[in-house]
Amino acid sequence: MKITVFGATGGVGREVVRQALAAGHDVTAVVRDPARLGVAAHDALEVAVVADLTDVEALVPLLAGRDAVVSALGAGTNKQAKRSPITGPAVRAVLAAMDRAGVSRLAAVSAAPVGPDVPSDGVIARKVLLPVLRRFLRDLYADLAVMEAEIGASRAQWTVIRPPRLLNKPRTGTYRRVIGANVPDARTIPRADVAHALLDALADPSTAGRAVGIAS
């Protein structure tokens, strides 16, 4: 499979690139600063430097002839998302470029708090912990909500992956997954498992047009 990865220098995106190459895929890693990619040179890896991810004209050549797109885009902090929303505007441009390039399959990372509550999580989690988290990170989640709305309104065959808090730990491959809902009692998940879920979704038609909750 030929895959273009956006957000390739982030924790999840870097893992997507590494795992995709290890699985035998051809990867185009879209970056602003190639020095931050941190992935060894590979015959199947192309590094594309793009300064403005909202520039549709610059994105179309990076998608022509590709089979799928992975978006690991996301603001690093709530302050950053408040100052300049990144994910929504960038994914809007990516979707437009996909349409022009004739690429339909997309897997994108979001966050569990953007999705619905899980009734079995109990009152404290639903009425206290989640509201505090959503208020504290409201601008970050608002940016992701805009992204999800853009994706849902598109013509792409999309999958949105919603993880809880991300950890820098090795891939386990044993994470829980729920199609169409968040995972009960979701707390954390390694970034490497999120990357695995994004790549796995590309070949899983049951996730097309669905949000998928994942957690350790």
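**Exercise 1.** Which residues of helix 2 (residues 56-63) are buried? Work out, too, how they are arranged around the axis of the helix.

*Solution.* Keep in mind that this is a predicted model.

- Step 1: go through helix 2 and keep whatever has under 20% relative accessible area. That leaves you with Leu59, Val60, Leu62 and Leu63.
- Step 2: look down the axis of helix 2. The buried residues fall within an arc of 165°, so they line one face of the helix.
- Step 3: now check the face turned away from the buried side. Glu57 and Pro61 sit there, and they're exposed.
- Step 4: find what the buried residues pack against. Their partners are strand 1 (2-6), strand 2 (26-31), strand 3 (45-49), strand 4 (68-71) and helix 4 (87-101).

**Exercise 2.** Take a look at the two ends of helix 2: which residue caps the N-terminal end, and which residue with a positive phi follows the helix?

*Solution.*

- Step 1: at the N-terminal end, the cap is Asp55, with a side-chain oxygen 3.2 Å from the backbone nitrogen of Glu57.
- Step 2: past the other end comes Gly65, with its positive phi near 80°.

**Exercise 3.** Place strand 5 (residues 105-109): is it mostly covered or mostly open, and which strands does it pair with?

*Solution.*

- Step 1: count the buried residues. You get five of five, so strand 5 is mostly covered.
- Step 2: split them by side. Arg105, Ala107 and Val109 are buried on one side, Leu106 and Ala108 on the other.
- Step 3: trace the pairing. Strand 4 runs parallel to strand 5 over four bridges, with Val69 partnering Leu106.
- Step 4: strand 6 (residues 157-162) also pairs with strand 5 in the parallel sense, over five bridges; here Ala107 partners Thr159.

Definitions and conventions
Residues are numbered from 1 along each chain as its sequence is written. This is a predicted model: local features need pLDDT of at least 70, side-chain atom pairs count only at pLDDT 80 or more; totals for chains, interfaces and linings use all residues. Side-chain values use heavy atoms; hydrogens and water are left out. Buried means under 20% relative accessible area, exposed over 50%, partly exposed in between (1.4 Å probe, protein chains only). The arc is that of the directions from the helix axis to the C-beta atoms. Contact means heavy atoms within 4.5 Å. A polar contact is a pair of N or O atoms within 3.5 Å; within protein, one must be able to donate a hydrogen and the other to accept it, and residues adjacent in sequence count only if both atoms are side-chain atoms. Two strands pair if DSSP finds at least two bridges between them.
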